[in-house]
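This report describes the strands, the helices and the ligand surroundings of the structure shown below. The description rests on a predicted model.

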Amino acid sequence: MTERIQAVRGMNDILPDQAQWWEFFEETVRNWLHDYGYRTLRMPVLERTDLFVRSIGEVTDIVEKEMYTFVDQLNGESLTLRPEGTASCVRAVIEHNLLYPGPQRLSYMGPMFRHERPQKGRYRQFHQVGVEALGYGGPDIDAEHMVMCARLWRLLGIEGVVLELNTLGNSEARARFRARLVGYFQQHEGELDADAKRRVLTNPLRILDSKNPQMQALIAAAPRMLDDMDDESMRHFDAVQSLLRSAGVPFALNTRLVRGLDYYNRTVFEWVTASLGAQGTVCAGGRYDGLVEQIGGKPAPACGFAMGVERLLELMQHAQRAVPRVADVYLVNQGDAAGRFAFGVAESLRDQHLSVVLDCSGASFKSQMKKADGSGARYAVIIGEDEAAAGELTLKPLRVNGEQKRCAVAQAVDLIRGK
Ligand code: ATP
Ligand code: MG
């Protein structure tokens with residue numbers, strides 16, 4: 001036998017049983033985005049490597065070890081499969097001058113790529129929904145983002161995700177904090193793991209984001225960022241909190257929250273759950289006022305977040321909000337003439353916006369009826385030689401009450417519609 005070719009490790013097929021959850025999720029998300037005035041931006045999955053190095057930061061997990069980077073054999077350019085969406089979104093906004101008419105509320109969804117060790121909730125191709133508000137500097141947008149997340153969890157039937165919140169201040173505040181942090185970690189050099197040792201001088205804040213259990217005690221006792229905060233960032237942060245309180249969205253302050261990407265300032269937040277094990281962050285974001293300028297645009301404040309679709313779907317499935325999408329009609333037919341007639345009937349029903357699965361097996365009536373039952377369709381339409389000769393059909397309710405009935409197509413449509 002020929003050797004089978006399998007999917008790339010960590011990159012999953014989404015099979016039909018799963019896909020119906022995805023579709024429910026995506027539809028809910030689209031309506032929710034619309035309700036908040038966010039418009040869609042679709043970016044390519046491939047970008048110049050520099051874009052991510054410059055925005056996410058050189059000394060980060062993503063850029064140091066997770067990017068799928070390769071040289072385009074045809075022209076020698078270094079390209080990278082996008083590990084996240086914010087950088088591409090900002091690149092596109094600048095390239096197309098989208099901020100010229102004013103601030104923009106934008107969103108995207110799609111696959112992201114990171115070369116990580118695959119495990120539950122962590123894949124090499126995974127999906128994010130990203131929301132970015134560009135050109136907005138006020139605390140109302142930060143709060144809007146968190147309030148809209150809270151609403152989405154309700155719409156999806158997800159419970160038990162909690163909001164953690166912190167502020168990173170302005171760049172001077174971060175520089176002060178950074179200096180204190182370097183001092184602290186240097187005093188405890190013996191307790192640092194290899195990653196942390198490497199980062200003490202290059203990116204000490206990132207150490208606070210470490211997932212290594214052995215590092216947690218050291219991190220818990222580290223200096224607090226809040227103590228170095230600048231006044232304006234503090235006022236901004238207070239305003240965000242007060243908007244959240246008046247919207248009735250609970251949150252917990254987490255002074256260790258720094259996020260794994262370099263571009264954040266001021267507000268940062270994560271939605272976390274205890275029910276997904278180590279992969280507990282389902283959504284994360286914050287303010288990135290410097291990024292537009294850093295990528296070559298005119299300075300513009302901005303704020304955004306991204307959620308991990310696989311992790312959210314896992315939570316939805318915990319909550320058992322199954323959403324099977326089934327056809328209205330399963331069309332059972334047997335014999336050549338009946339088959340030809342049934343083919344036309346199926347199209348007529350679809351003309352009336354009914355969904356129809358046409359049985360094409362040529363199997364016995366009995367086995368086709370079994371398939372009809374198993375399909376979850378509300379009705380079976382049965383067409384044999386008799387029906388075909390009379391130009392009619394037999395309508396049999398499967399998931400609804402009612403008698404089996406022989407009738408014309410138009411009447412069947414009314415009955416299926418419940419008229
Ligand atoms: P983690 O700490 O879990 O590695 P992160 O900080 O790297 O997450 P972000 O870059 O903030 O993640 O991405 C936003 C969200 O995307 C995460 O909260 C998570 O839900 C999801 N996510 C990130 N990486 C993966 C992955 N490899 N597989 C599945 N989902 C992921
Ligand atoms: Mg990560």
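## Strands E2, E3 and E4

Strand E2 (residues 46–48) and strand E4 (residues 78–81) run antiparallel and are joined by three bridges. Within this pairing, Leu46 stands opposite Leu81 in E4.

Strand E3 (residues 69–71) is also antiparallel to E4, again through three bridges. Val71 has Ser78 of E4 as its bridge partner. E3 and E4 form a hairpin in which six residues lie between the strands. In the turn of this hairpin, Gly76 has a positive phi of about 75°.

## The eight-stranded sheet

An open sheet of eight strands follows the order E1-E5-E6-E11-E10-E9-E7-E8, with mixed pairing. Its edges are strand E1 (39–40) and strand E8 (252–253); each has a single partner strand, so one side of each is left without a neighbour in the sheet.

Strand E10 (residues 281–287) pairs with strand E11 (residues 302–308) in the antiparallel sense, over five bridges. In this pair, Ala284 stands opposite Ala306 in E11.

## Helices across the eight-stranded sheet

Helix H1 (residues 16–35) lies across strand E5 (104–113), strand E6 (125–134) and E11. The direction of H1 is at about 5° to that of E6.

Helix H5 (residues 139–156) lies across E5, E6, strand E7 (161–167), strand E9 (265–273), E10 and E11. H5 runs at about 20° to E11.

## The surroundings of ligand 1

There are 17 residues around ligand 1, of which Arg114, Glu116, Lys211, Arg259 and Thr281 come nearest. Strands E6, E10 and E11 each supply at least two residues of this shell, and E10 gives the largest share, with four residues. Sorted by class, the shell holds seven nonpolar, four polar and six charged residues.

Several polar contacts can be given with their distances. In the side chain of Glu116, an N or O atom is 2.6 Å from a nitrogen atom of ligand 1. For the side chain of Arg122, an N or O atom is 2.8 Å from an oxygen atom of the ligand. The backbone takes part through Gly308, where an N or O atom lies 3.4 Å from an oxygen atom of ligand 1. Taken alone, ligand 1 exposes 580 Å², and the protein buries 93% of that area.

## The five-stranded sheet

A further open sheet has five strands in the order E13-E12-E14-E15-E16, and its pairing is mixed. Strand E13 (356–358) and strand E16 (405–407) form the edges; because each has a single partner strand, one side of each is left without a neighbour in the sheet. From one strand to the next, the twist averages 25°.

Strand E12 (residues 329–333) and strand E14 (residues 379–383) are paired in the parallel sense over five bridges. Tyr330 has Ala380 of E14 as its bridge partner.

## Helices on the five-stranded sheet

Helix H14 (residues 365–375) lies across E12, E14 and strand E15 (393–397). H14 runs at about 175° to E12. Helix H16 (residues 409–417) also packs on the sheet, touching E12, E14, E15 and E16. The direction of H16 makes about 135° with that of E16.

Definitions and conventions:
Residues are numbered from 1 along each chain as its sequence is written. Chains are lettered from A and ligands numbered from 1 in the order in which they are written. This is a predicted model: local features need pLDDT of at least 70, side-chain atom pairs count only at pLDDT 80 or more; totals for chains, interfaces and linings use all residues. Side-chain values use heavy atoms; hydrogens and water are left out. Two strands pair if DSSP finds at least two bridges between them. Contact means heavy atoms within 4.5 Å. Axes are lines fitted to C-alpha atoms, for helices over the stretch in contact, and angles run from 0 to 180 degrees between N-to-C directions. A residue is near a molecule or strand if one of its heavy atoms lies within 4 Å of it. A polar contact is a pair of N or O atoms within 3.5 Å; within protein, one must be able to donate a hydrogen and the other to accept it, and residues adjacent in sequence count only if both atoms are side-chain atoms. Accessible areas come from the Shrake-Rupley method with a 1.4 Å probe; for residues, only the protein chains shown count as cover. Ala, Val, Leu, Ile, Met, Phe, Trp, Tyr, Cys and Pro count as nonpolar, Asp, Glu, Lys and Arg as charged, and the others, Gly among them, as polar.
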